[in-house]
Structures are given as C-alpha cells and as structure tokens.
Amino acid sequence: MKKILATLFIAFVAMTVSAQKMPVYLTTEQLPDLIKCLPAPPDFDSPEFANDMMRYAWGKQQRTDKERAAMAKGDAIWNPIDSLFHQFAVPFGLEVTKERTPEIYKLLTTAIYTTDQMRVAPKAYYHRQRPFERLDDAMLTGEEDDLRGEGSYPSGHTMRGQMCALLMSQIAPERTDTLFYRAYIYGQSRVIAGAHWQSDVDASRVGAGIGFCALQNCPEFIEQMKRAQKEYKKMAGR
C-alpha cells in the first residue's frame with residue numbers, strides 16, 4: 001500500500017510540474033533515488049527520535065527570540081523562489097534577480113527545480129508526520145493548512161537552502177563560509193517553525209549534496225554554470 005500511495009503521489013506531482021512547465025536539467029528518472037540513498041527516518045520509539053523531541057523543544061525556545069523568529073518566518077516563504085535568493089543575498093554578496101543577473105538566476109532556478117523532484121518519492125513513501133501534527137501544536141509560521149498531510153521527510157526547504165549554498169559556492173568560492181552558515185540557519189528555521197524534525201533537516205542536507213553531484217555530469221548545467229560564473233565576476237567588478 002505504501003508503494004502504491006507513493007507512486008500515485010509522485011505521478012500527481014510530476015503532472016503538476018509539467019503543467020507549470022518548470023525548467024529542469026534532469027528528469028526524475030535521471031536523478032538519484034533518495035529512498036535508496038538515505039536511511040529511513042527514525043521510528044517514533046527510537047533514541048534518535050528522542051533527540052528529535054529535544055531539538056523540537058529547542059526550536060520552540062528559539063521562537064522567544066524576536067529576531068530569530070522573524071528570520072524563520074522569512075525562511076518559510078516557498079514561492080516565489082526569488083525569496084530564497086533574497087535570503088542569501090548578503091552571504092553571496094549579490095542580489096540575484098531575473099532582470100539584473102539573468103545567467104545566475106537561470107542556473108539557480110533550473111538547478112533547484114531539478115533537485116526539488118528528489119524529495120517527492122521519500123515524502124510519499126515514508127509519509128512521516130510533521131511535528132505540529134504529531135504533537136497537535138501550533139506552528140510559528142502558520143503553515144498548518146498548507147502542510148498537513150504532506151510527508152515530513154525530507155525537508156524541501158532545507159534541500160533548497162543547501163542547494164543554494166552549493167551552487168552559489170561554485171559560482172563564488174570565496175563566499176563559501178558565509179553561504180554554508182546561512183544554509184545551516186535556513187534549515188534550522190524549519191525546526192524552529194515546527195515544520196520538520198531535526199532528522200528531516202539533517203537528511204535533507206545530505207540529499208542536496210547528492211543532487212548537486214548529479215548535476216555535475218549534466219553538460220547543459222556545466223555550460224550554464226560557466227555563464228553564471230562569468231556574470232558574477234562582471235557584477236563583482238573582477
């Protein structure tokens with residue numbers, strides 16, 4: 001039954017992506033299968049889940065910090081994808097927009113839409129309850145209606161944030177330190193929001209790396225990366 005539901009959900013998402021005509025470098029079939037690459041999420045009676053509960057308590061405590069809570073709310077915005085690039089503008093040293101930096105924008109959006117596909121199968125297969133569902137608690141970000149019933153493992157937001165850092169670091173290696181620190185914070189925002197368990201977030205960082213490696217073997221991605229690097233150097237005055 002689990003496999004049947006997963007197949008139906010994947011098909012639904014595939015049709016949605018096709019209808020929206022999102023650009024991708026690789027199809028789902030050409031990408032690694034995260035069900036095979038990553039371990040299953042912790043059982044709710046396991047020591048690992050005890051850690052998830054402790055981290056959930058940590059996340060709720062973080063909400064008392066107004067500045068950190070505001071950041072978590074900003075990090076929660078899924079669409080438009082431009083909001084993600086805005087969150088990484090300071091560590092990247094450049095505001096990425098379709099008009100101002102078209103080559104970088106094309107690279108980031110296409111690569112992220114490509115690897116977004118990888119989260120669909122494990123979400124449907126494991127269908128893990130999100131923290132706010134299992135604990136019948138309120139989220140910081142008010143996303144309950146949008147997320148209820150959608151699998152918690154892995155975290156799509158975390159994969160996007162980690163991918164953004166990976167891609168931007170390839171464009172501008174000198175910005176690596178600040179980019180990956182921001183990506184770490186971006187992922188932790190999902191724990192603070194109550195959207196994901198810590199183990200969801202941790203696995204998603206690995207998942208993003210797997211997707212990033214797959215892109216390195218795509219000629220179209222490689223050529224667009226060269227154009228993005230050239231544009232960055234020009235914008236940075238180098």
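This note covers the salt bridges in a predicted model.

1. The total is 13 salt bridges. Three of the pairs, and one network, are taken up below.

2. Arg 160 and Asp 116 pair through their side chains, with a nitrogen-to-oxygen distance of 2.7 Å. Arg 160 belongs to helix α11 (residues 156–171) and Asp 116 to helix α7 (residues 102–116), so this salt bridge ties together parts that are 44 residues apart in sequence.

3. Are the partners in that pair buried or exposed? Arg 160 has a relative accessibility of 4% and is buried. Asp 116, at 11%, is buried as well. Both values fall under the 20% cut-off for a buried residue.

4. Glu 150 and Arg 130 also form a salt bridge, and their closest N and O atoms are 3.4 Å apart. Here the partners sit in loops: Glu 150 in the one between α10 (144–147) and α11, Arg 130 in the one between α8 (120–126) and α9 (131–134). The pair therefore ties together parts that are 20 residues apart in sequence.

5. Burial in this second pair is mixed. Arg 130 is buried, at 2% relative accessibility, whereas Glu 150 is partly exposed, at 23%.

6. Which residues are linked with Arg 130 and Glu 150 in a network of salt bridges? They are Arg 119 and Lys 123.

7. Asp 145 forms a salt bridge with Arg 148, and the closest N and O atoms of this pair are 3.4 Å apart. Asp 145 is exposed, with a relative accessibility of 70%, which is over the 50% cut-off.

Notes:
Residues are numbered from 1 along each chain as its sequence is written. This is a predicted model: local features need pLDDT of at least 70, side-chain atom pairs count only at pLDDT 80 or more; totals for chains, interfaces and linings use all residues. Side-chain values use heavy atoms; hydrogens and water are left out. A salt bridge is a side-chain nitrogen of Lys or Arg within 4 Å of a carboxyl oxygen of Asp or Glu. Helices (H or I, at least four residues) and strands (E, at least two) are DSSP runs, numbered from the N terminus. Buried means under 20% relative accessible area, exposed over 50%, partly exposed in between (1.4 Å probe, protein chains only).
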